[in-house]
Amino acid sequence: MDGRGHKELLAVPGTWIQGTSKGKTFENAFSTIMKKIEFLTNESVNANLDRLDRLENAVCTISAKLDILTDKTIVPTTLRRVKNNIGFEMITKEQELGMFESNLNDVKYFNEISAWLEDNIFENTPENRMIEILDLLFSKQFLPKCSWTGISKGGEKLSMMTYRNILEVVRVHGSTSDVSITKKDIARFFMKKLKNAAKRAATKGLRKSTQHKFN
C-alpha cells in the first residue's frame, strides 16, 4: 500500500509538470498567432486609410477643377462695366464682413444692395448666379479665410453660416423665377465653394498674371 501510494504520489507531479509545459507552449503559440493577426489587421487598416486619403485628395482636386471650369463660363465681374455703382467695396477682411452683415439689418441698405446686385448679375442658373454674387461681394483672397462652420484642418476660420443676412442676400438673388433656393442649397453651395476657395483663388491669380504677361 505504501509502495502504490508512493508511485501515485510520484505520478501526480510528473503529469502536472508535463501539462503545464504543454499549456505554456500552446499559450505562446496562440499569442504569436494573435500578434500576427493584429499586425496584418493594422497593415490592412492603414492601407485602406491611405487609399481613402488618396481618393479624398483626388475628389477634392477634381471638384476644384470643375469649379474653375464653371467659373470660366462666366464673364469675370472685373471685366464688366459695373452698372448702378453704389460705391460698394469688395470685402477683404473680417471687420468689413461684420460691418456688411450689420448694415444689411437696415431695410433701405438691403434694398440698395439688392438693386445693385440685380443690375450686375448676368447669369440665369442659380449656381452661376451665386458664383457671380461671391465675385461681386468678396475678394478672392478673402474667401479662403472662411469655411461654412468655422472649423478647418488648417485651423480656425470665419464661420460663414453665422452671417444670416449675407446668406439671405445670396439666397434671394441666386434664386430665379423657376428655381427658389433653399437654406440647404445655400449650405451645400458655400461648403463646396469655400472648401475650394484657396485653389480657385490661386488659379485665378495665375491666370491673371499670365494675361498681363502676354498683353
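Which pattern does the protein follow when read along the sequence? The pattern is α-α-α-α-β-β-α-α-α, with seven helices and two strands in the protein. Helices here are DSSP runs of H or I with at least four residues, and strands are DSSP runs of E with at least two, numbered from the N terminus.

Before you start clicking, note that this is a predicted model, where local features need pLDDT of at least 70, side-chain atom pairs count only at pLDDT 80 or more, and totals for chains, interfaces and linings use all residues. Residues are numbered from 1 along each chain as its sequence is written, and side-chain values use heavy atoms, with hydrogens and water left out.

**Stop 1: the whole chain**

Show the whole protein. Of its 215 residues, 31% are buried. Buried means under 20% relative accessible area, exposed means over 50%, and partly exposed lies in between (1.4 Å probe, protein chains only). Now turn to contacts, meaning heavy atoms within 4.5 Å. Among the contacts with a separation of 6 or more, 69% are between residues 24 or more positions apart.

**Stop 2: helix α5**

Select residues 164-174, which form helix α5. Which residues of α5 are buried? They are N165, I166, L167, V169, V170, H173 and G174. Add α2 (94-103), α3 (107-120), α4 (126-137) and α6 to the view, and you have the helices that the buried residues of α5 pack against.

Start with α4. Two packed helices are described by the angle between their axes and the distance between the axes. For α4 and α5 the angle is about 135° and the axes are 9 Å apart. Axes are lines fitted to C-alpha atoms, for helices over the stretch in contact, and angles run from 0 to 180 degrees between N-to-C directions. That angle makes α4 oblique to α5. The scale behind the word is this: under 35 degrees is roughly parallel, over 145 roughly antiparallel, 65 to 115 roughly perpendicular, and the rest oblique.

The crossing of α4 and α5 is right-handed, a term for the near helix being turned clockwise from the far one by less than a right angle, while anticlockwise would be left-handed. To see the contact itself, show P126, R129, M130 and I133 in α4, which meet V169, V170, H173 and G174 in α5.

Next, bring up α2. Its angle to α5 is about 70°, and the two axes are 8 Å apart. That makes α2 roughly perpendicular to α5. Here the contact is made by L97, F100 and E101 of α2 and R164, N165 and I166 of α5.

**Stop 3: the aromatic rings**

Colour the aromatic side chains: how many aromatic pairs does the structure hold? There are six. Rings of Phe, Tyr and Trp (its six-membered ring) pair if their centres lie within 6.5 Å; planes under 30 degrees apart are stacked, over 60 edge-to-face, and the rest tilted.

Select F88 and W116. Their ring centres are 5.2 Å apart and the planes stand at 45°, so this pair is tilted. The pair links distant parts of the chain, with F88 in the loop between α1 (2-72) and α2 and W116 in helix α3, 28 residues apart. F88 is buried at 18% relative accessible area, and W116 is buried at 5%. Now add F100 and Y109, which join F88 and W116 in one aromatic cluster.

Move on to F189 and F190. This pair is edge-to-face, with 5.5 Å from centre to centre and 85° between the planes. Both are buried: F189 has a relative accessible area of 3% and F190 has 0%.

**Stop 4: the salt bridges**

Finally, look for charged partners. The structure holds six salt bridges, each a side-chain nitrogen of Lys or Arg within 4 Å of a carboxyl oxygen of Asp or Glu.

- Select K140 and D135: their salt bridge spans 2.8 Å from N to O. K140 is partly exposed at 21%, whereas D135 is buried at 9%.
- Return to α5 for E168 and R171, whose closest N and O atoms are 2.9 Å apart. The two are three residues apart in the helix, about one helical turn, and E168 is partly exposed at 29%.
- Go to helix α6 (residues 183-195), where D185 and R188 lie three residues apart, about one turn of the helix. Their salt bridge is 2.6 Å, N to O, and D185 is partly exposed at 24%.
- End with E127, K192 and K193, joined into one network by salt bridges that share partners.
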